[in-house]
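Here is a walk through one protein chain, from helix packing to charged pairs. Keep the structure open as you read.

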Amino acid sequence: GLRAVYAEPADRVEYIDAMIIKGGPVADAAVRSLGGARTFDNSYKLIAAYPKLSDKSKMIAINSFAQTGDAKFLKIFAADMDSENTDLRRTALFACLFLAPEDKDAIQKLISLLKDADPAIVKICEKVLVDIRGPLADKLMANNPECRKIMIMRGSAQHRKALWKEFFTPENISKKDLETMIEKTLYWHDLREFAQQYNSYGDEAVRMALTKIIIKKIVTMKEKEKMQEIAIEALSGILSADSAEAKFIAEKLKIDLSSMPTFAMKSVWQKKYFSRAVSDEKMKAASTAQPDIAQGFTALFNGKDLSGWAVKGGGAKFSVDGGEILGVCDPESRQNTFLCTEKTYKNFVFVCEFKWDVLGNSGVMVRADVSEDGKKISGPQVEIDEGKDRRWTGGIYGEGLKDAWKYSLSREDQEASRSAVKLDGWNTLVIMCADSRYMTWVNGVPCADLDWPEWEKAGYIGLQIHAGKQGQLRFRNVKIKEL
């Protein structure tokens, strides 16, 4: 040992390698004397002798190679990643943590062994893949379903949120494998973000599954005071102290959550769209009769060309076809596209007829802001919804705004409004903007009645083609009456 310590690096490597090749009880201890002396070039004798070494000597050699961080050593012991000797195999796989950050073949080998029959091998591969540094591992595992748990443990917010989204659906909350994966990858610093899923789901079974996972995480703290502190920190402002979920958590953990604020929590009848919908009590049911749309209107479209209009935003195409405005989605465009009026309007009644050639999301912007470069359009949008389930045509959306939906058709008593649109024929859309009040009608049925004083100003009118895979709509009889 002392001889190795005081020898020159090359001599030190040669001396210790001779001990490894020979074998014996001091070889393992002697390797610790190498320091940073080993290189691939000065290890030629050990490399040449490696195939004939005993399994124990091979493990000592591999550990010595791993200290260098030089990926060239991987090819020397690559075959031992499939050795019948479990200890040798585990040693070879673990060495990849230090040698394989930039070696595609080695990382792919580790990924392939996640399906190995030996749980011990799977476990060590998982550990190496979680801890291995560098972007190559992320790239190779990003789209591999077998690596989702590993990517979450590597800190991928994208994979973590995707797992949560997959689990929190009525059809998946009973899947124990997904539940277990969430529990194993939920860290303390993620707990509040996890609890914010309450704001996205209204289904009672989904909310209960969320609650139980939170309880399981908090109970691991064991100390009552600590559990209470963590629960309050994670849940305040998300759950009201008097909510069913907060009461259940307090009861199961035997803690006091009464110091959390009490507030009216979001309630949505159409629970499938809980995250996007406006709370039921915040919407005034539309009941005002549609205004007369026969007299006093000015045509906005001449039936021949797009005079008075300009395309803004994305790459969808607008043209005149058969005396109608035709909007066609561009699947390559990632931005919504708008055919906007050149003139602005404040108080008015707007009318148009629309029909789908190919189903796709759309809408009509009113009082819209348009950036100087014409790329950003924001403001009130009356929805044209192609969905056969949600059916929010006539609802009001804040395009490009922080709080998106202003008036959704998600209340139980709005079924007549949801059923007004026809997906297979022409529809008449009427929009009235009068000071701060916005009202809509679809085929004569009242849909939205919204007071929006923060957006009481003039702006452009725009026909939208939403970004996406498909969508083709026609518009005709487009007209306006200023009030």
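**Helices and salt bridges**

Helix α12 passes α13 in a left-handed crossing. This is a predicted model. The axes of α12 and α13, the latter spanning residues 176-185, come within 10 Å. They cross at roughly 145°.

Look at the side chains and backbones that touch. From α12 come L163, W164, E166 and F167. They meet L178, E179, M181, I182 and T185 in α13. Six of the residues in this contact are nonpolar, one is polar and two are charged.

Now move to a second helix pair. Helix α7 covers residues 86-99, and helix α9 covers residues 119-131. Their axes come within 8 Å and cross at roughly 10°. Angles under 35 degrees count as roughly parallel, so α7 is roughly parallel to α9.

On the α7 side, the contact uses R89, R90, L93, F94, C96 and L97. On the α9 side, I121, I124, C125, K127, V128 and D131 take part. The contact of α7 with α9 has eight nonpolar residues, four charged ones and no polar ones.

Next, the charged pairs. Side chains of opposite charge can pair when their charged atoms come close. How many salt bridges does the model hold? The count comes to 31.

Start with D138 and R154. Their side chains form a salt bridge, at 2.8 Å from N to O. This pair links distant parts of the chain, 16 residues apart. D138 sits in helix α10, residues 135-141. R154 lies in the loop between α11 (148-153) and α12 (157-167). Is D138 buried or exposed? Neither label fits: D138 has 30% relative accessibility, so it counts as partly exposed.

Helix α12 returns in another salt bridge. K161 pairs with E193, and the closest N and O atoms are 3.5 Å apart. K161 lies in α12, while E193 lies in helix α14 (residues 191-195), so the bridge ties together parts that are 32 residues apart in sequence. Both ends are partly exposed: K161 has a relative accessible area of 45%, and E193 has 23%.

Some salt bridges share partners. Such bridges join D82, R89, K109 and D116 into one network. R89 also appears in the contact of α7 with α9.

One more pair is worth finding. The side chains of D70 and K72 meet in a salt bridge, with N and O 3.0 Å apart. K72 counts as partly exposed because its relative accessibility is 43%.

Note on methods. Residues numbered from 1 in each chain as written. Predicted model: local features only at pLDDT ≥ 70, side-chain atom pairs only at ≥ 80, totals over all residues. Heavy atoms only, no water. Salt bridge = Lys/Arg side-chain N within 4 Å of Asp/Glu carboxyl O. Buried < 20%, exposed > 50% of the residue type's maximum accessible area, 1.4 Å probe, protein only. Helix = DSSP H or I, 4+ residues; strand = E, 2+ residues; numbered from the N terminus. Axes fitted to C-alpha atoms, helices over the stretch in contact; angles between N-to-C directions. Left-handed = near helix turned anticlockwise from the far one by under 90°. Contact = heavy atoms within 4.5 Å. Nonpolar A, V, L, I, M, F, W, Y, C, P; charged D, E, K, R; others polar. Parallel < 35°, antiparallel > 145°, perpendicular 65-115°, else oblique.
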